[in-house]
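Please open the model in your viewer and keep the sequence panel beside it, since each stop on this tour begins with a selection.

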Amino acid sequence: MDTGGNSLASGADGSKRKVCYFYEPEVGNYYYGQGHPMKPHRVRMTHSLLVHYGLLQHMHVLKPNPAREKDLCRFHADDYVSFLKRVTPDAQQDLARQLKRFNVGEDCPVFDGLYNFCQTYAGGSIGGAVKLNHGHCDIAVNWAGGLHHAKKCEASGFCYVNDIVLAILELLKTHERVLYVDIDIHHGDGVEEAFYLTDRVMTVSFHKFGDYFPGTGDIRDIGYAKGKYYALNVPLDDGIDDESYQSLFKPIVSKVMEVFRPGAVVLQCGADSLSGDRLGCFNLTVKGHAECVRFMRSFNVPLLLLGGGGYTIRNVARCWCYETGVALGIELDDKMPQHEYIEYFGPDYTLHVSPSNMENKNTQDLLDAIRAKLLDNISKLQHAPSVQFQERPPDTELPEEDEEEADKDERKDSESDVNAVYERESLPDRARQEFVEYEAKDKNDMAVDEPASVVDSTIIEAPSLKVYHARSRDFVSTFTETETLKACKLTEETTTVATDTPHVEAKQENSERPNDQPEEMDQE
């Protein structure tokens, strides 16, 4: 059922978009530990496919500037960020109380370079929002981001810092309304909580609901106070296929776009909703998953594409590579080109995989009831809620171009603001790389934040969720129902180029595998 927003054609005749792609080469080196299902290596595998499909030459390739401590503290509690900054595998025994307090341990382990990992993936998402705000691109992509479970003051579900919330806060500097859509199999609880009381951010999550992590996302959870009806939850059962999924996704999203009229959209593209995922139970194909990207793209609204879950890493790489092509309007050959990780994709070595024959427990009656209920909720929204006229906070500026560097670069793109170019041995063409940095508005870089009156959003402090995130065991323990609600004014802070952030190379102790060969290659 397609009720609005025509999908755009792919290939040479498809409508093109200017795309910025964020990638940090070191991201694949971070290692959650032996047997842990979360493998950042999947981002490097995705990048390799993009290189060998020749997609980088169609995008601006950017290296994210690491998010600084005060950038992270725009949402997260100061003491939590301080803890992440100082905890290490060697020091964690001395921080036992804090580990428990901040829910860091089994599902969210301490590993070498943890804080730098958080800075990297958050920096990519914030940088993408900055690019969109400045009109430098139509679509920004950060496959390392999308960690939607992290709360204000605790880690959750393999997520430590909620880069999505930070990116949305950045987008709110320019846009009156921002839409967040989540197609991960798990409920986007951290993002929903953060904006549960505001009408400036609408959250829409399509997820497995029932005895499944994180245990939230009931269709009756609709937001509160000013945010009532601005949270939409689409609870799904096992085995949903492409046709059933789109019969909900397209009419619901179309109606949201019509009524809410967002200035920008953030789409979390968690790939654990694909068929055959190690921790998932849906039956979507890569094309079915990517149809959500294609549909959101068709509205021609600034779009931030983020990663998320996904634990059969060969399929994650397939999915995000194909979706990058969709963002660009380029159709990719099913037969994979030769590349360094080709052995992961045998025996067929194709981009697409067939769905399984698992039962679809989402009956037509159930789908019809869910769709009718949510469309009714949307009809209760105020059309395009206005924001009271207030002084607008200053934009986060990009650094001025260095003329000397521009002179040295003989292959400078005259239309871009790239100020650094580097070569990769694996690239057939040189990729342009931009470093997104923050220019100081105040010459003295004052540490005191000034209130950004343009945003009047209430953020819910993370509840004390004591959930053992053994998703593969379908076990969720009882959590406390006491939640502390705090009305918080979002703050605009004076920023400078992050030159004082030390770089800690991600180490991989207690593992004999090389950096590009994680264990369990065929057992995701």
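Helices, as the word is used here, are DSSP runs of H or I with at least four residues, and they are numbered from the N terminus. Please bear in mind throughout that this is a predicted model.

Begin with the whole chain selected and coloured by secondary structure, where you will find 12 helices and 14 strands. Of the 524 residues in the chain, 60% are buried, and the accessible surface comes to about 21,100 Å², with 45% of that area belonging to carbon and sulfur atoms. If you then display contacts between residues at least 6 apart in sequence, 81% of them join residues at least 24 apart.

Next, select Glu331, which lies in the loop between helix 10 (313–328) and helix 11 (364–379). Is Glu331 buried or partly exposed? Glu331 counts as partly exposed because its relative accessibility is 38%, and the buried class is reserved for values under 20%. Extend the selection to Asp333, Asp334 and Asp348, and you will have the residues that form a negative surface patch together with Glu331.

Now move to His339, which is also found in the loop between helix 10 and helix 11. With a relative accessible area of 8%, His339 is buried. Showing the residues around His339, and setting aside those up to four places away in sequence, you will see that it touches Ser48, Leu49, His52 and Phe345.

From there, go to strand 5 (residues 201–208) and pick out Ser205 within it. Ser205 counts as buried, because its relative accessibility is 4%. Which residues is Ser205 in contact with, once its neighbours within four places in sequence are left aside? They are Asp182, His186, His187 and Gly188, together with Leu232, Asn233 and Val234. To follow this with a distance, draw a line from the C-alpha of Ser205 to the C-alpha of Pro235, which spans 8.3 Å in space although the two residues are 30 apart in sequence.

Finish at helix 6, residues 163–171, which is mostly covered, with nine of its nine residues buried. Stepping along helix 6, you will meet Asp163, Ile164, Val165, Leu166 and Ala167, and then Ile168, Leu169, Glu170 and Leu171, each of them buried. Turning the view as you go may help, because in an α-helix there are 3.6 residues a turn, so residues three or four places apart point the same way.

Methods. Residues numbered from 1 in each chain as written. Predicted model: local features only at pLDDT ≥ 70, side-chain atom pairs only at ≥ 80, totals over all residues. Heavy atoms only, no water. Buried < 20%, exposed > 50% of the residue type's maximum accessible area, 1.4 Å probe, protein only. Helix = DSSP H or I, 4+ residues; strand = E, 2+ residues; numbered from the N terminus. Patch = residues over 30% accessible without salt bridge, like charges linked within 9 Å, V, L, I, M, F, W, Y side chains within 5 Å. Areas by Shrake-Rupley, 256 points an atom, 1.4 Å probe, with all protein chains shown as cover. Salt bridge = Lys/Arg side-chain N within 4 Å of Asp/Glu carboxyl O. Lys, Arg positive; Asp, Glu negative; His and termini not counted. Charge placed at Lys NZ, Arg CZ, Asp CG, Glu CD. Contact = heavy atoms within 4.5 Å.
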